[in-house]
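Student: I would like a close look at a single part of this model, together with what surrounds it. Could you choose a part and take me through it slowly?

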Amino acid sequence: MARRVAIACIVIALGWLSWKIYDVILQVFAACLVSLALHALAEPFAKWTRFPERYAVIPVGIIVFGGLGLALYLFGSTIQTQVAQLVNELPTAWTAFERRFHLEGMSDDLLKRAEAAAPSGETVLSFVQGFTSNLFQVVLGTFLVVVGGIYFAVSPDLYRRMFLSLWRPSERAAADRRLALVSEDLRHFLKAQLIAMVVVGVLTFIGLTIVGVPSSLALALFAGLAEFVPMIGPVMAAAPAVLIALTMGADTGLWTLLVFVGVQQAESNIITPLLQQRMVSLPPAVTLFAVVAFGSIFGALGVVLATPLTVVAFAAFKAHSEQVAEEDKAG
């Protein structure tokens, strides 16, 4: 009896500790995703160059992060200009939207409520301090995720053995098989997701450029990044583009909406089925409510990681079911 009480207390204490540091746990999971993405890219590189995959991660990481740095250096000023232009155009677009749909009093009402909610300068100062702190945490978190992902990618066997050491010796072989299956499904998911993000960004840029929407590069970049969050991300990406397009006329707004609808239809019916043939198939309702649930519990980071976390849950359940089936067959 005393042993059971002790075990229950330990479980409760671990649960409480995990809840207190859930943001660190999510960052570790994000670092694992970075590591898996690097290995997914290193696999074809190793085949082409006959490098061992473990060592191929290093040149692949240099190529990936060096390429991102070069792209930011070459196109950073253009992207920055277009983002600034986008930010400047959104208030004008909102005003035009209000006039078109006879909602002129909405902004004034919102401003009055905001002033009533924040009447003092102390509130504004605390908001600025909170925003600065959150921005610093985002930058620091991103840095930790990237660096941690590189460490995980360079020495995956070391961290795998550390994880397996948490299990009893008799259970480590089964845990290792489950971990391998989950990792494989996550790698397929990341491959498909990264390619889909690039394709969506490129198609959106082409479509918005043809329609003539300003800041098409910044809007396409946002659309590509938002593609990582299913269902909610594409809607968030389409909203500012359609809002700006409406300032140029109803026809332009309609064509812009059709561009996003067409890109999403191509992504859902052509791109994703081709890329995710070997990936865990998540029902749309499960994906949607997973995003809402993880976002409600863990905030913005939960929204971003909702889909891969759900993939892990489904892959672990599938691995457990396969192991049970094998044991029943053997028995």
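Tutor: What follows starts with the whole chain and then settles on one helix and its surroundings.

Please keep in mind that this is a predicted model, where local features need pLDDT of at least 70 and side-chain atom pairs count only at pLDDT 80 or more, while totals for chains, interfaces and linings use all residues. Residues are numbered from 1 along each chain as its sequence is written, and side-chain values use heavy atoms, with hydrogens and water left out.

Let's begin with confidence. The protein chain has a mean pLDDT of 78 (pLDDT is the predictor's confidence in each residue, from 0 to 100), and 77% of its residues reach 70 or more. The highest mean, 88, belongs to helix H7 (residues 172-211), and the lowest, 52, to helix H4 (residues 105-117). Over residues 117-125 pLDDT stays under 50, and the model has one contact beyond four places in sequence for that stretch (a contact means heavy atoms within 4.5 Å). Where pLDDT is low, the predicted coordinates should not be read in detail.

Now the overall picture. The protein chain has 12 helices and zero strands; both are DSSP runs numbered from the N terminus, with helices being H or I of at least four residues and strands being E of at least two. Of the 331 residues in the protein chain, 31% are buried (buried is under 20% relative accessible area, exposed is over 50%, and partly exposed is in between, using a 1.4 Å probe and protein chains only). Among contacts between residues at least 6 apart in sequence, 69% join residues at least 24 apart.

The part I have chosen for you is helix H9 (232-246). What length should its 15 residues span at 1.5 Å a residue? The expected value is 21 Å, and the end C-alpha atoms of H9 are 21 Å apart, so the two agree (the expected span is 1.5 Å times one less than the number of residues). H9 is largely enclosed by the rest of the structure, because 11 of its 15 residues are buried. Among these buried residues are Gly233, Pro234, Ala237, Ala238 and Pro240, and also Ala241, Val242, Ile244 and Ala245.

Take Ala238 in H9. Ala238 counts as buried because its relative accessible area is 11%. Its C-alpha is 7.4 Å from that of Ala223, although the two are 15 residues apart in sequence. Ile244, another buried residue of H9, has a partner much further back in the chain: Pro91 is 153 residues away in sequence and 9.3 Å away in space, C-alpha to C-alpha. Pro91 sits in helix H3, and its relative accessible area of 48% is why it is called partly exposed.

What lies against H9 from the other side of the sequence? Look at Thr256, in helix H10 (residues 250-275). Thr256 is buried, because its relative accessible area is 0%. Leaving aside neighbours within four places in sequence, Thr256 is in contact with Leu208, Val211, Val213, Ala241, Val242 and Ala245. Ala241, Val242 and Ala245 are buried residues of H9.

H7, with 40 residues, reaches 57 Å from its first C-alpha to its last, close to the 58 Å expected at 1.5 Å a residue. After H7 comes Gly212, whose phi is positive, near 95°.

These helices also share an empty space. Searching the whole structure finds one cavity of 30 Å³ or more, and the largest cavity has a volume of about 40 Å³. A cavity is a set of points on a 1 Å grid over the protein atoms alone where a 1.4 Å probe fits but cannot get out, and lining residues have an atom within 4 Å of a point; the volume is the space filled by probe spheres set on the points, which are joined across faces, edges and corners. H7, H9 and H10 each supply at least two lining residues, and H10 gives the most, with three. The lining includes Pro234, Ala237, Ala223, Thr204 and Phe260. By type, the lining divides into six nonpolar, two polar and one charged (Ala, Val, Leu, Ile, Met, Phe, Trp, Tyr, Cys and Pro count as nonpolar, Asp, Glu, Lys and Arg as charged, and the others, Gly among them, as polar).

Key: On a 1 Å grid over the protein atoms alone, a cavity is a set of points where a 1.4 Å probe fits but cannot get out, and a pocket is an open set with protein on both sides within 12 Å along at least five of seven lines; lining residues have an atom within 4 Å of a point.
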